[in-house]
Amino acid sequence: GEVLKNLNKFYKRKEIQRLGAENGLDARLFHQAFISFRKYIMESNSVSADLHIILNDICCDAGKISLPGHVDDLFPFFLRHAKQIFPMLDCMDDLRKISDLRLPPNWYPEARAIQRKIIFHSGPTNSGKTYHAIQRFLSAKSGIYCGPLKLLAHEIFQKSNDANVPCDLVTGEERVYANEDARQAPHIACTIEMCSTNTPYQVAVIDEIQMIRDPARGWAWTRALLGLCAEEIHVCGEAAAIDLVTELMYTTGEEVEVRNYERLTPLTVLDYALESLDNLRPGDCIVCFSKNDIYSVSRQIEARGLECAVIYGSLPPGTKLEQAKKFNDPADPCKILVATDAIGMGLNLCIKRIIFNSIVKQNINEKGEKEVDLITTSQALQISGRAGRFGSSFKQGEVTTMHRDDLPQLKEILSETVQPVKAAGLHPTAEQIEMFAYHLPDATLSNLIDIFVSLSQVDGLYFVCNIDDFKFLADMIQHIPLNLRSRYVFCTAPLNRKEPFVCTTLLKFARQFSRNEPLTFDWLCRHTKWPLAPPKNIKELMHLEAVHDVFDLYLWLSYRFMDMFPDAALVRDIQKQLDDIIQIGVCNITKLIRASQPTVASGAIAAMSEEFPLSRTARDSRLISALQGAKPPGQPPKGTEALGERRGKSLKGHRSARREDLKIPGHGSLADRLLREGLLTQEMLRQLQSEWQGQHRNGRYGPGSKREDRDSSRETGKKKK
């Protein structure tokens with residue numbers, strides 16, 4: 001007890017904390033080191049003799065001499081223990097210099113050696129800002145276009161070559177040469193992570209500059225802006241990024257010329273919501289923020305005899321383009337689009353009206369944490385701006401919501417000023433991590449990253465990007481023997497860690513790579529069970545999308561380790577075939593959804609609910625109310641909420657359901673159709689009718705309501721008695 005008391009006294013001493021800080025122990029490390037040191041003393045059977053003597057002196061003298069600074073004699077032993085568990089303390093000065101991120105402009109000496117002209121093309125979606133930048137790109141002797149998506153890079157690649165300006169395409173997965181002899185063309189269209197900061201150009205275009213604040217990818221825009229070696233840098237994006245870009249360029253001694261653009265076609269926020277899918281018109285696009293909502297809405301649309309195109313983020317680029325082509329084709333009967341915010345950039349679409357199915361979205365914050373919140377003004381403007389594209393068949397755009405309650409909130413969001421972009425992202429480079437590893441040879445890559453981030457110093461214009469995905473992959477392949485540079489490359493692979501099949505494949509790639517065994521086409525076909533058949537349900541469609549991601553991963557690694565991933569051309573061929581198979585699945589998506597229904601009964605309930613006006617989930621309603629500071633509506637029965645979340649809707653219960661909406665035989669077609677198709681029996685219909693009447697009377701809805709109503713009646717009766 002006396003030892004513990006003195007150890008805690010040692011820990012609380014301000015002088016000891018100051019000495020710890022001087023030796024590289026910040027508050028967090030000091031606390032962790034002390035916990036370990038205390039455990040070592042209290043639980044170890046072999047404390048060193050000199051430490052044992054010091055502890056004995058402190059405890060024995062405590063009641064006699066009472067020397068106030070006596071516990072300070074423990075500090076040399078504490079520091080020695082701290083250096084054993086935190087080896088970087090011995091080389092802290094060197095590590096701090098390596099992780100000093102306060103002057104990123106100095107990382108690019110080639111760019112600093114020339115005086116660059118910076119032109120910021122500022123304006124909303126559909127204002128022609130990128131068009132003007134691309135015109136300068138095409139007229140230059142040499143140029144590079146840097147975009148956020150493969151689709152955008154491919155579009156500029158096509159436009160350039162169609163305009164007789166030879167242009168190469170460079171993405172993480174492939175390089176396509178304009179010249180048949182594979183000579184590098186003077187123009188390059190690339191995804192922004194792939195831009196070269198060593199090659200000189202006359203003109204560079206950096207698209208969607210506001211993404212410099214992106215928690216995961218912002219570093220790529222920072223690197224391009226500070227590092228591209230071009231006489232003219234044309235930056236395109238939201239006005240919210242002007243101040244930050246100007247400040248960043250001030251640190252490089254370069255001035256920014258701002259050119260402002262206005263939207264080329266009018267955009268109107270309607271005063272009424274859609275409320276029912278029966279009110280859809282040709283040229284409508286329903287925007288959802290989850291796959292489940294995409295599936296639910298598309299099925300309900302096709303149940304009304306309408307065709308719809310479907311676009312969401314995890315679809316291959318080729319499938320997205322085909323769906324966009326189908327929707328845009330005047331001769332195609334498909335006139336409705338159901339999409340996620342993936343349509344916000346990269347696709348040219350002939351949309352008349354954008355309809356937000358929901359105004360809440362899941363986001364990843366700077367700490368890598370998931371947050372569900374109202375969409376931002378920037379997101380709302382980006383998506384809304386897709387309506388009424390200049391040059392399309394629609395001369396003006398319209399925006400509204402699916403639900404009446406969401407419309408005032410959407411109007412408020414769209415009327416707000418976009419929050420200024422305040423900081424630019426940074427990411428540790430392979431060279432910096434290698435220097436760390438030199439000083440800390442026994443640390444894992446994940447630990448090296450943690451130490452780097454904890455020691456890094458950034459100035460107010462920058463932030464360190466979220467590295468959770470990197471650390472996830474580093475931990476996953478830590479047991480595989482790889483050299484540090486190869487390990488770093490594997491950990492920067494662009495994959496979705498929520499996809500188990502893709503993560504497992506990366507693990508197998510790394511294991512075979514470590515054995516110096518090439519990853520052949522035959523090996524990949526065996527692993528993915530190629531060839532694959534068209535999907536029969538949604539689960540199979542999602543697996544095909546994951547296989548497509550695996551092929552992407554192979555191509556990405558083949559670009560970096562050509563000898564070990566030698567069959568890129570063959571993989572690219574089967575990836576195109578897989579794209580066609582996925583397109584078949586997406587074109588038949590409502591059949592896949594129907595095949596995914598667990599039982600006939602649930603299918604009947606789902607079909608019945610399609611006749612009611614579509615509404616947001618109970619979860620969305622409560623969330624929006626909470627975000628607006630209003631009291632959330634009462635929570636419906638659990639069964640109902642599960643059904644609502646699973647199908648992306650509820651039945652509006654006490655607010656909108658009317659008795660006449662449930663059409664009985666002789667009064668409508670839905671029940672007749674269900675009876676004819678064997679999805680509903682007369683007994684089931686009578687039971688449903690009875691339940692709906694009882695639920696409507698009590699302002700309730702959902703499975704189990706009838707029983708709850710009886711229980712409620714009994715309780716009321718007891719009170720009266």
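What share of the contacts in the protein with a separation of 6 or more comes from residues 24 or more positions apart? The figure is 74%, where a contact means heavy atoms within 4.5 Å. Before we go on, keep in mind that this is a predicted model, in which local features need pLDDT of at least 70 and side-chain atom pairs count only at pLDDT 80 or more, while totals for chains, interfaces and linings use all residues. Residues are numbered from 1 along each chain as its sequence is written, and side-chain values use heavy atoms, with hydrogens and water left out.

Let's start with the whole thing. The protein has 31 helices and 18 strands; these are DSSP runs numbered from the N terminus, with at least four residues for a helix (H or I) and at least two for a strand (E). Of its 721 residues, 51% are buried, meaning that they have under 20% relative accessible area with a 1.4 Å probe, protein chains only (over 50% is exposed, and partly exposed is in between).

Now find the sheet. Eight strands form an open sheet in the order E4-E3-E5-E2-E6-E7-E1-E8, and the pairing is mixed. Its edge strands are E4 (175-176) and E8 (256-260), each of which pairs on one side only. Two strands count as paired if DSSP finds at least two bridges between them. Strands of a sheet pair through backbone hydrogen bonds, either parallel or antiparallel.

Zoom in on strand E5, which covers residues 187-191. Strand E2 (residues 143-147) runs parallel to E5, joined by five bridges, and Gly143 has His187 as its bridge partner. E5 also pairs with strand E3 (residues 167-170), again in the parallel sense, over four bridges. Here Asp168 sits opposite Ile188, and Leu169 sits opposite Ala189.

Which residues of E5 point one way, and which the other way? His187, Ala189 and Thr191 go one way, Ile188 and Cys190 go the other, and all are buried. That fits a strand that is mostly covered, with five of its five residues buried.

What lies across these strands? Helix H8 (residues 129-139) lies across E1 (117-122), E2, E3, E5, E6 (200-206) and E7 (229-237), and runs at about 160° to E7. Such angles run from 0 to 180 degrees between N-to-C directions, and the axes are lines fitted to C-alpha atoms, for helices over the stretch in contact.

Next, two single residues. Ala220 belongs to helix H10 (residues 218-227) and is buried, with a relative accessible area of 0%. Leaving aside neighbours within four places in sequence, Ala220 touches Ile192 and Glu193. Its C-alpha atom is 8.9 Å from that of Cys195, 25 residues apart along the chain. His81, in helix H5 (residues 75-85), is buried too, at 10%. With the same kind of neighbours left aside, His81 is in contact with Ala33, Ser36, Phe37 and Tyr40.

Finally, look at a pair of helices. H22 (residues 538-558) and H23 (residues 568-587) pack at about 160°, with axes 10 Å apart. That makes H22 roughly antiparallel to H23, because angles over 145 degrees count that way (under 35 is roughly parallel, 65 to 115 roughly perpendicular, and the rest oblique). Among the residues that meet are Leu541, Phe551 and Leu555 in H22, and Val571, Leu578 and Ile582 in H23.
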